[in-house]
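Please look at the sequence and the model below before reading on. The paragraphs that follow go from a sheet to the helices around it.

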Amino acid sequence: MKQLPTGFKDGFLWGGAVAACQIEGAYDVDGRGLSSSDIHAYDKNLNRANVKERGDTLAGIYRRIEDKESYYPKRYGIDFYHTYKSDLALMKEMGFKAFRTSVSWSRIFPNGDELEPNEKGLEFYDHLIDEIIKDGMEPIMTMSHYDIPLHLITEYGGFGNKKMIDFFVRYAKVLLERYKGKVKYWIVCNQVNLLPTVSFGSLGLYDDEADNMEELMYQAVHNQFVASAKVVELAKKIDPEAVMGTMLADGTLYPKSCNPEDIVGTLKKNRMQQYFFSDVQLRGEYPIYALRYFKEKNIDLKFEEGDEELLKNNKMQFLAISYYSSYVFNHETDDGTPFKAEKNPYLKPTPWEWRADPLGFYNCLSQLWDRYEIPLMIAENGLGALDTVEDDGSIHDPYRIEYLQQHIEQLKECVKDGVDILAYLSWGPIDIVSSSSAEMSKRYGYIYVDLDDLGQGTGKRLKKDSFYWYKHVIETNGEDLNWNS
């Protein structure tokens, strides 16, 4: 008879996650080229409760490249490019077992279409990965995290162009060969389903690229699927010990009511904004419901000979998840657009209207496990909040501790149900530039960084109360989620 799990397994990978485009800075150092994230300007008139989708026309992209007046926070991050050793030392002090970050594609191939990589860029990741390992952490690396070389967007139109497949595979081959034996876990593409919200950052699509943008988006997704499958195929040859994964942004919706139209509408929308992507990459083929959707919407996808066989033979080995909040589906108001839904009236809002839902964490992970029975990785989970530094330099963040406590409690419930969880990597263990709003004010970290939304400040690192709490959680392997200062 099977043994019932009682808690997190020995050697569980507790840690944190960041992205190169939000943390590194040094956008013009050592040969790095501009990326899709480098043209996201800070908006001082930002409406936090309604952050707009980020996109631009081709002409707008060129204007931003030449813009000398606006501040572009992701170009500077928190200067992790130069402070990674001392920052990782703080993660080590917390007892991190794993650290997830990404490689900046434009640091390795500045334009993206070169035949040879930028050695200076690779040297940085040599040192970074070695430092992560030296500090006792498992490096978990993402190959593409909203960081597409800008030249590949302006000259080729991003992943809407099939030439991108070869550019991406060439880049991935360099990484797999260079870090064989050092990096075990690779997330090929970050949050592959978060579309159309980040189709510019994820796929490199600009607003006026085609008359039928939905068709172009799904064609670009298909090209990304093919590129990812080719990367898995390469990994089997280059480094058979490497474990290759894909990643979803959780979009599991609740029906607003028990009206059958809400129930069935929720099911259909959950399929197309979430399960379609993981079905292709974990089951190895396009599901019939998606093909029907494309036919009914007159979306004509171009498959090359061999694409289907490639997808079938090169499935991903684990599924990474980002989870922050949940939403509801209302058949009376929902037009079917992915990641457009109503706020849940039973949950409390943050200033950014991300409503915390710990039970939703249990719900989404349980459904994904039941569907695939494949190892899951929590690649992001955290609370963005406005923190206050006291006169004595202390930062009291009980709201963050409460959020994480409640989510880890539900994660443990999943473990007790038999869900195989590889790692828990809380988002932003150190304050970084927000992906969606380009703010520093939206802070996730256990470690405060003294920089404001315009990059002003000392850059000094300060430990929040949550720093000591998370250290205790790791020390007890998640058994004790309480902590008294």
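Across which strands does helix 15 lie? Helix 15 (residues 465–475) lies across strand 1 (13–17) and strand 11, and runs at about 150° to strand 1, where angles, from 0 to 180 degrees, are taken between N-to-C directions of axes fitted to C-alpha atoms, for helices over the stretch in contact. Helices (H or I, at least four residues) and strands (E, at least two) are DSSP runs numbered from the N terminus. This is a predicted model, in which local features need pLDDT of at least 70 and side-chain atom pairs pLDDT 80 or more, while totals for chains, interfaces and linings use all residues. Residues are numbered from 1 along each chain as its sequence is written, and side-chain values use heavy atoms, without hydrogens and water.

The buried residues of helix 15 (under 20% relative accessible area, 1.4 Å probe, protein chains only) include Phe467, Trp469 and Tyr470. Among the elements covering the buried residues of helix 15 are helix 3 (80–94) and helix 14 (398–416).

Strands 1 and 11 belong to a closed barrel of eight strands, running 1-2-3-4-5-7-10-11 with parallel pairing, where a pair needs at least two DSSP bridges. Strand 10 (residues 376–381) is joined to strand 11 (residues 421–427) by three bridges, and Leu376 stands opposite Ile421. Helix 13 (residues 358–372) packs on this sheet, touching strands 5, 7 and 10, contact being heavy atoms within 4.5 Å.

Elsewhere, the axes of helix 7 (residues 163–178) and helix 9 (residues 213–238) come within 9 Å and cross at roughly 30°, which makes helix 7 roughly parallel to helix 9 (angles under 35 degrees).

Note on methods. Buried < 20%, exposed > 50% of the residue type's maximum accessible area, 1.4 Å probe, protein only. Parallel < 35°, antiparallel > 145°, perpendicular 65-115°, else oblique.
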